[in-house]
Amino acid sequence: MKLDSAPLGISGISQTEIELQPKDSTDFNSTPAIALPLQPVVADSPQKQQSALIVFGTTFVTIFLAEIGDKTQLSTLLMSAESHSPWVVFIGSAAALITTSLLGVLLGSWIAGRLSPKTVEKSAGVMLLVISLMLFWDIFTSH
Amino acid sequence: MDWHLLGLSFITVFLSELGDKSQLAAIALSGRSNSPRAVFFGAAGALLLTSLLGALAGGAVAELLPTRLLKAIAAVGFAILAARLLLFNNEPSADSEQTP
């Protein structure tokens, strides 16, 4: 009975807690009823953090490996070699890269907000497949 | 500070990256993930590192690193991510929102 009443909400729980307090401490059933709704909140936070870390790691590694030796990097190194001021070229290209990734992420979240999760997963999968094919194409066309 | 060079490098890189694979990857990954911030930091960090390597090492990057092999690894990685989304979609993954 106490377990059933647990997910009603914080206000309901605090009410039962207040009601139970004047009673004797023999009513130990109240402790799990209070502890239960807290459990998912506590368990959710590290899991979400870990998943964010995984997302960060996958994104970083795949994009880093894909962009090594890509045309952007080649144009950056050409410009820095021609101008003899690599830091200015780096700052300029860094600003551009931050802007394009920010635009990409904002666009992605914006699109994801207007489609169903199923459609988002499908189209994201197709896009990643296309990227993979583009990379393979790069590998086989560059000798 | 050479503002002309700064603007030139910004515009060159911006135009060459617009709609390129890393931006497409950022769109795809942020769309299916609950933490677009992590995708942004991952993508921006990776791009900054490649551009830092490009600016500092100059032409040595292509000779020092097996770029084709690295690209192949990245291609396989993207293919795995795509396959996970397209084929194993029924499994409730850790970062999918429609898990009951």
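A:Gly125 turns out to be buried, because 20 other C-beta atoms lie within 10 Å of it, and 20 is just the number at which a residue starts to count as buried. This glycine sits in helix H6 of chain A. Once its neighbours within four places in sequence are set aside, A:Gly125 is in contact with B:Ala82, B:Leu85 and B:Leu86. All of this is read from a predicted model, with an ipTM of 0.79 and a pTM of 0.70.

Stepping back to whole chains, both are built from helices. Chain A has 6 helices and 0 strands, so to speak an α-α-α-α-α-α run when followed from the N terminus. Chain B has 5 helices and, again, 0 strands, and its elements read α-α-α-α-α from the N terminus on. As for burial, 31% of the 143 residues of chain A count as buried, while in chain B the figure is 39% of 100 residues.

The two chains meet over a long list of residues: 66 residues of chain A are in contact with 72 residues of chain B. On the chain A side, the elements that give two or more residues are H3, H4, H5 and H6. H5(A) gives the most to that side, with 23 residues.

How does H5(A) sit against its partners? Against H3(B), the packing angle is about 155° and the axes are 9 Å apart. Angles over 145 degrees count as roughly antiparallel, and therefore H5(A) and H3(B) are described as roughly antiparallel to each other. H5(A) passes H3(B) in a right-handed crossing.

H5(A) also packs on H2(B), this time at an angle of about 35° with the axes 7 Å apart. The crossing of H5(A) and H2(B) is right-handed. Quite a few residues take part here. From H5(A) come A:Thr100, A:Ser101, A:Gly104, A:Val105, A:Leu107, A:Gly108, A:Ser109, A:Ile111 and A:Ala112, and they meet B:Gln23, B:Ala26, B:Ile27, B:Ala28, B:Ser30 and B:Gly31 of H2(B).

H3(B) has another chain A helix to deal with, namely H4(A). These two pack at an angle of about 35°, and their axes are 7 Å apart. The crossing of H4(A) and H3(B) is right-handed. Here the contact is made by A:Gln73, A:Thr76, A:Leu77 and A:Ser80 on the H4(A) side and by B:Thr50, B:Ser51, B:Gly54 and B:Ala55 on the H3(B) side.

Next comes the nonpolar core. The largest one holds 45 residues, and the members that touch the most others are A:Ile63, A:Leu128, B:Val39, B:Ala43 and B:Phe78. Chain A feeds this core with two or more residues from each of helix H3 (30–67), helix H4 (71–83), helix H5 (86–114) and helix H6 (117–141), and chain B does likewise from helix H2 (21–32), helix H3 (36–57) and helix H5 (67–86). A:Ile63 shows what such a core member can look like up close: leaving out residues up to four places away in sequence, A:Ile63 touches B:Ser22, B:Ala25, B:Gly42, B:Ala43, B:Ala46 and B:Leu47. One of these partners, B:Ala43, is itself on the list of core residues that touch the most other members.

Finally, how far does the predictor's confidence go? In chain A, the mean pLDDT is 73, and 64% of the residues reach 70 or more. Helix H2 (residues 10–20) of chain A is where confidence is lowest, at a mean of 44, whereas H5(A) has the highest value in that chain, at 91. Over residues 1–43 of chain A, pLDDT stays under 50, and the model has 19 contacts beyond four places in sequence for that stretch.

For chain B, the mean pLDDT is 81, with 83% of its residues at 70 or more. Confidence in chain B is highest in helix H1 (residues 3–17), at 89, and lowest in helix H4 (residues 60–64), at a mean of 67. Chain B also has a stretch where pLDDT stays under 50, covering residues 93–100, and the model has 10 contacts beyond four places in sequence for it.

Technical notes:
Residues are numbered from 1 along each chain as its sequence is written. Chains are lettered from A and ligands numbered from 1 in the order in which they are written. This is a predicted model: local features need pLDDT of at least 70, side-chain atom pairs count only at pLDDT 80 or more; totals for chains, interfaces and linings use all residues. Helices (H or I, at least four residues) and strands (E, at least two) are DSSP runs, numbered from the N terminus. A residue is buried if 20 or more other C-beta atoms lie within 10 Å of its own, exposed if 12 or fewer, and partly exposed in between; C-beta atoms are placed from the backbone. pLDDT is the predictor's confidence in each residue, from 0 to 100. Two residues are in contact if their C-beta atoms, placed from the backbone, lie within 7 Å. A nonpolar core is a set of buried Ala, Val, Leu, Ile, Met, Phe, Trp, Tyr and Cys residues joined through C-beta atoms within 7 Å. Axes are lines fitted to C-alpha atoms, for helices over the stretch in contact, and angles run from 0 to 180 degrees between N-to-C directions. Angles under 35 degrees count as roughly parallel, over 145 as roughly antiparallel, 65 to 115 as roughly perpendicular and the rest as oblique. A crossing is left-handed if the near helix is turned anticlockwise from the far one by less than a right angle, and right-handed if clockwise.
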